[in-house]
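Subject: Handing over the structure

Hi there,

Here is the structure I promised to pass on to you. Have a look at it first, and then read on for my notes.

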Amino acid sequence: MRFNHLDLNLLVALDVLLEEQNITRAAERLHMTQSATSGALGRLRSFFQDDLLVQVGRKMQPTPYALDLARPVREVLLTIRSSITTKQTFDPASSRRHFKLMASDYLITVLFSRVIQKIHELAPHITFDISAPNEEGLLARGDLDLMIAPDIYMVEGHPSQLLFEEEHVCVIWEGNTLIGEHLSLEQYIEMGHVAVGLGRSRGLSIEEWLMNQYGFNRRMEVITHDFNTLPQLVIGTQRIATMHRRLADLYAQYLPLRILPPPVRIPPMREFMAWHRSMDGDPMHRWLRERVQEFITTVDRHREVSTRAIPRIPSIDWPNVHTRS
């Protein structure tokens, strides 16, 4: 298809080229040979009368004009995908849509594992690709169908919806000899902590928040890569972890853990669901969003019942543990 003598297929190539800034990687994504991809870049240069990508050392860098083109080109492609290639009438039971989601392992454990199970009952042919929150900009580029994250990660200009609020609790091993029935601020400061290393973040970490509000940092003894390992890493030690209430309740059903309120007031975390604005009117996408919201409400309603119904693994006889384990 051509528009003003431009082959619109070249816009797909331009979008990938500007994102990858590399002929080889772009060719792999476009399922084209490198020579064909180079030819597409040549035709784009001819049409726009601009180099678009120029070689600087071993890298290719976009020209200022190419940077101006990047957003409108992506918007055009997303509009085509959502308005033309997506049917306005849909049947979840027969749909074969593939959804790309971004959520932490905490959210997969307490929410999506059950959401996907329920969705499979209603729409057995729908598939999912869930990635960890390790790259910014995917939602804004339209590379995600849904992102579930705290409010600090919401992208301006794209729709979002509050899913639930989550509080933080402290978790210790049942055999911890340092803590009685209550956890004091002094004990919290002195204890060794297990925490998740999230890398770069646009929001304040718990450490920064504690320093700003109370003037102290936690003493980190173990830093792990995901939330699900937090409760496991306090077992058999005198350490403490500060974690999400839903996840702590779940693991306390299986592991010898004690859950305590933190000695300072930590504001609740607000988890949002966000999507690219081009998907706002997509009926299948809207159906998915409604099911996610519906399921999290149902899960919360039955959370206490489920907690009592699941048997707990008996405590393990651990060797003597020292304070600095």
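Below is what I found, going from the sheets to the cores and then to the charged pairs.

Please keep in mind that this is a predicted model.

Let me begin with the open sheet. Its five strands come in the order E11-E10-E12-E9-E13, with mixed pairing. Strand E11 (219–224) and strand E13 (257–260) are at the edges and have a single partner strand each, so one side of each is left without a neighbour in the sheet. From one strand to the next, the twist averages 35°. If you would like a place to start looking, try strand E10 (residues 192–196), which runs parallel to E11 and is joined to it by five bridges. There you will see Gly192 opposite Arg219 in E11. Helix H9 (residues 245–252) lies across strand E9 (168–173), strand E12 (240–244) and E13, and its direction is at about 115° to E12.

Next, strand E14 (residues 269–274). Five of its six residues are buried, which leaves the strand mostly covered. E14 pairs with strand E7 (residues 146–150) in the antiparallel sense, over four bridges, and Ile148 is found opposite Met273 of E14. Strand E8 (residues 160–166) also pairs with E14 in the antiparallel sense, here over six bridges. In that pairing, Phe272 in E14 is the bridge partner of Leu162.

Now to the nonpolar interior. The largest nonpolar core has 43 residues, and the members that touch the most others are Tyr106, Leu111, Phe112, Ile119, Leu163 and Val292. Helix H5 (residues 105–122) supplies the largest share of this core, with seven residues. What does Val292 contact, once its neighbours within four places in sequence are left aside? The list is Leu111, Phe112, Val115, Leu163 and Met273. Apart from this core lies another one of 21 residues, including Leu10, Leu11, Val16 and Leu77.

Finally, the charged pairs, which may interest you if you plan to look at the electrostatics. The whole structure has 16 salt bridges. One of these pairs is Arg29 with Glu19, whose closest N and O atoms are 3.4 Å apart. Arg29 is in helix H2 (residues 23–30) and Glu19 in helix H1 (residues 9–20), so this pair ties together parts that are 10 residues apart in sequence. Glu19 also forms a salt bridge with Arg74, with the closest N and O atoms 3.1 Å apart. That second pair links distant parts of the chain, since Glu19 sits in helix H1 and Arg74 in helix H4 (residues 64–83), 55 residues apart.

Are these three side chains buried or exposed? Arg74 is buried, at a relative accessible area of 9%, whereas Arg29 is partly exposed at 37% and Glu19 is partly exposed at 27%. They also belong to a wider network of salt bridges that links Asp15, Glu19, Glu20, Arg25, Arg29, Arg74 and Asp143.

One more pair takes us back to helix H9: Glu167 forms a salt bridge with Arg245, the closest N and O atoms being 3.2 Å apart. Glu167 is in the loop between E8 and E9 and Arg245 is in helix H9, so the pair links distant parts of the chain, 78 residues apart. Both count as partly exposed, Glu167 with a relative accessibility of 41% and Arg245 with 24%.

Best wishes

Note on methods. Residues numbered from 1 in each chain as written. Predicted model: local features only at pLDDT ≥ 70, side-chain atom pairs only at ≥ 80, totals over all residues. Heavy atoms only, no water. Pairing = 2+ DSSP bridges. Helix = DSSP H or I, 4+ residues; strand = E, 2+ residues; numbered from the N terminus. Axes fitted to C-alpha atoms, helices over the stretch in contact; angles between N-to-C directions. Contact = heavy atoms within 4.5 Å. Core = buried A, V, L, I, M, F, W, Y, C linked by side-chain atoms within 4.5 Å. Buried < 20%, exposed > 50% of the residue type's maximum accessible area, 1.4 Å probe, protein only. Salt bridge = Lys/Arg side-chain N within 4 Å of Asp/Glu carboxyl O.
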